[in-house]
Amino acid sequence: MTKISREAVITEALDLLDEVGLDAVSTRRLAKRLGVEQPSLYWYFRTKKDLLAAMAQAAMAPHAAEPLPAPGDDWRTWFLENARSVRRTLLMRRDGARLHAGSAPTSDLDRIRRKVSFLVASGVPEHDAQMAMLAVGRFTVGSVLEEQADQAEQADTGSGDSMDLPDDVPRIDHESAFEAGLALLVDGLALRRDAGGRD
């Protein structure tokens, strides 16, 4: 019988994700790729949901390896770069945003707390700092969901432009739209910071 490890299962599962997409990832296909019987996977993951959670965590490893903000860093620059890092990481994997959406950041809570603390130390009211991290995370995942859905549509149709828009509607590329939305978020947060969180 082939010996496998938890890490090997996750690595192979992510490779399978890149090849076939999230909807086609199954424990049956994964077991076949690993050369094991399907029930042996349950030694490492009790359910497919557990496997997907582990895959989501592993897929975010490049972002998790980014340095935490340090005292004296410019909070706006850090906030923007942190969101860009999340976007880049989600785009590294096919269906990366779908895999990540809804996952709980249980293994990343200490890093999240330190990021919120950095914003608070930079003058952002604590509640606003928490909500800003939540909002920018959801905005980033949503932006990548749209981008990856467009990529999938273009791959299916062979078209370079999946949007059938009237001529008077401007076409904005995904990165530009992301940057514009991100700028609005950080500008709004700056206003809250300068107002001390007052409504």
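Contact here means heavy atoms within 4.5 Å of each other. With that in hand, let's take a walk through this predicted model.

**Two helices side by side**

Start with helix α5, residues 75-91, and helix α7, residues 109-121, whose axes lie 10 Å apart at an angle of about 150°. Angles over 145 degrees count as roughly antiparallel, so α5 is roughly antiparallel to α7. The crossing of α5 past α7 is left-handed.

Which residues of α5 meet α7? They are Trp75, Trp78, Phe79 and Asn82, and their partners in α7 are Lys115, Phe118 and Leu119. Sorted by class, this contact of α5 with α7 brings together five nonpolar residues, one polar residue and one charged residue.

**The nonpolar cores**

The largest nonpolar core has 21 residues, and Val9, Leu30, Leu41 and Leu99 touch the most other members. Three elements each give two or more residues to this core, as the table shows.

| Element | Residue range |
|---|---|
| α1 | residues 6-20 |
| α2 | residues 27-34 |
| α3 | residues 48-59 |

Helix α1 gives the most to this core, with six residues. Apart from this core lies another one of 18 residues, including Phe79, Val124, Leu182 and Val186. You have already met Phe79, among the α5 residues that meet α7.

**A closer look at Leu30**

What does Leu30 touch, leaving aside residues up to four places away in sequence? Its contacts are Val9, Glu12, Ala13, Leu16, Leu41 and Leu51. Val9 and Leu41 appear again here, having been named with Leu30 among the residues that touch the most other members of the largest core.

Note on methods. Residues are numbered from 1 along each chain as its sequence is written. This is a predicted model: local features need pLDDT of at least 70, side-chain atom pairs count only at pLDDT 80 or more; totals for chains, interfaces and linings use all residues. Side-chain values use heavy atoms; hydrogens and water are left out. A nonpolar core is a set of buried Ala, Val, Leu, Ile, Met, Phe, Trp, Tyr and Cys residues joined through side-chain atoms within 4.5 Å. Buried means under 20% relative accessible area, exposed over 50%, partly exposed in between (1.4 Å probe, protein chains only). Helices (H or I, at least four residues) and strands (E, at least two) are DSSP runs, numbered from the N terminus. Axes are lines fitted to C-alpha atoms, for helices over the stretch in contact, and angles run from 0 to 180 degrees between N-to-C directions. Angles under 35 degrees count as roughly parallel, over 145 as roughly antiparallel, 65 to 115 as roughly perpendicular and the rest as oblique. A crossing is left-handed if the near helix is turned anticlockwise from the far one by less than a right angle, and right-handed if clockwise. Ala, Val, Leu, Ile, Met, Phe, Trp, Tyr, Cys and Pro count as nonpolar, Asp, Glu, Lys and Arg as charged, and the others, Gly among them, as polar.
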